[in-house]
Amino acid sequence: MIKKYKGFVFDLDGVLTETSNAHFEAWRELATEMGFELPGHVIDEVRGISRLESLDIVLSYDHKPKEYSYDEKVALATRKNNLYLDKIKAYSQADLSEGTIELLELLKSNHIRIALASASNNAPFLLDAMKIKHYFDAVVDPKSISNGKPAPDIFLKACEMLDLEPHECVGIEDAEAGIESIKSAGLYPIGIGKLSNCEEVYPDLKSLLSHLL
Ligand code: BG6
Ligand code: MG
């Protein structure tokens, strides 16, 4: 199938590296600091969702809900980000999902263009830390996008930056919101992990690599 496409657009968290747990643990610590518990299934609710929108989801689990001003919300989201940064500060190539380098090399050797469509503002740091930045022909800045996943914007922008049409590209995601985004943008969707809204799903990146080889 690799020869059918000219571009591969990757999500980062939960695809190229297992940072979804670190994101969730940071939210859980924030909730604990605020005096409430976060149930485990919230990990899937915040998958692919922007920092401030994730905060609203997290706050909805407070049994004593409060009104927060925008500035208060920004302060809470910044606190979560600091907790998150502490968890990823020592990330290196060892934290890549197994098979990542081999997959990126395979795509390069087939002259396939590669882009990143991550909602995370920490993505450039992680690409650098994990030493894979040079594989990417385009990295979408989530700040340049008006509507986050599940809207198509970020995947459309990635295709535009690659100078390719969406139907010429594959999108790879671990989040239901991300798969929705890929589908509405018109790329071919591939899921990683457990997803109910995608036909072609692999348990991990290594299994996708084996399929493509
Ligand atoms: C996505 C994650 O990739 O990025 C979400 O799946 C996260 O959990 C979002 O909220 C934004 O990330 P950040 O690092 O900018 O807070
Ligand atoms: Mg993800």
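## Two helices that cross: α1 and α3

A helix axis here is a line fitted to C-alpha atoms over the stretch in contact, and the angle between two axes runs from 0 to 180 degrees between N-to-C directions. With that in hand, let's look at this predicted model. Helix α1 covers residues 20-34 and helix α3 covers residues 51-59; their axes come within 11 Å and cross at roughly 50°. That angle makes α1 oblique to α3, and the crossing is right-handed.

Which residues do the meeting? From α1 come W27, L30 and M34, and they meet R51, S54, L55, V58 and L59 of α3. Sort the residues of this contact by type and you get six nonpolar, one polar and one charged.

## A second crossing: α7 and α8

In general, two packed helices are described by the angle between their axes and the distance between the axes. So here is the other pair: the axes of α7 (residues 153-162) and α8 (residues 176-185) come within 7 Å and cross at roughly 55°. These two helices are therefore oblique to each other. Their crossing is right-handed.

On the α7 side, I154, F155 and L156 take part, and they meet G178, S181, I182 and A185 in α8. The residues of this contact split into five nonpolar, two polar and no charged.

## Two residues of α1: S20 and H23

Back to helix α1, where S20 sits. Is S20 buried or exposed? S20 has a relative accessible area of 7%, so it counts as buried; the cut-off for buried is under 20%. The side chain of S20 makes a polar contact of 3.3 Å with the side chain of R47. If you skip the neighbours within four places in sequence, S20 is in contact with D13, G14, I43, R47 and D174.

H23 belongs to α1 too. Its relative accessible area is 15%, so H23 is buried. Leaving out neighbours within four places in sequence, H23 is in contact with D13, K80 and Y84. For a feel of distance along and across the chain, take H23 and P65: they are 42 residues apart along the chain, and their C-alpha atoms are separated by 22 Å.

## N197, a loop residue

Now for a residue outside the helices and strands: N197 is in the loop between β5 (188-192) and β6 (201-202). A loop position doesn't stop N197 from counting as buried, with 14% relative accessibility.

What does N197 touch, not counting residues up to four places away in sequence? The list is E176, I179, E180 and K183. With E180 there is a side-chain to side-chain polar contact of 3.1 Å.

## Y188, a strand residue

Last stop: strand β5, home of Y188. At 28% relative accessibility, Y188 counts as partly exposed, a label for values between the buried limit of 20% and the exposed limit of 50%.

Setting aside neighbours within four places in sequence, Y188 is in contact with M1, Y5, C169, V170, G171, I182 and E200. One of these, E200, shares a polar contact of 2.4 Å with Y188, side chain to side chain. Another on that list, I182, is also one of the α8 residues that meet α7.

How far apart are the C-alpha atoms of Y188 and L38? They are separated by 34 Å, with the two positions 150 residues apart along the chain.

Methods
Residues are numbered from 1 along each chain as its sequence is written. Chains are lettered from A and ligands numbered from 1 in the order in which they are written. This is a predicted model: local features need pLDDT of at least 70, side-chain atom pairs count only at pLDDT 80 or more; totals for chains, interfaces and linings use all residues. Side-chain values use heavy atoms; hydrogens and water are left out. Helices (H or I, at least four residues) and strands (E, at least two) are DSSP runs, numbered from the N terminus. Angles under 35 degrees count as roughly parallel, over 145 as roughly antiparallel, 65 to 115 as roughly perpendicular and the rest as oblique. A crossing is left-handed if the near helix is turned anticlockwise from the far one by less than a right angle, and right-handed if clockwise. Contact means heavy atoms within 4.5 Å. Ala, Val, Leu, Ile, Met, Phe, Trp, Tyr, Cys and Pro count as nonpolar, Asp, Glu, Lys and Arg as charged, and the others, Gly among them, as polar. Buried means under 20% relative accessible area, exposed over 50%, partly exposed in between (1.4 Å probe, protein chains only). A polar contact is a pair of N or O atoms within 3.5 Å; within protein, one must be able to donate a hydrogen and the other to accept it, and residues adjacent in sequence count only if both atoms are side-chain atoms.
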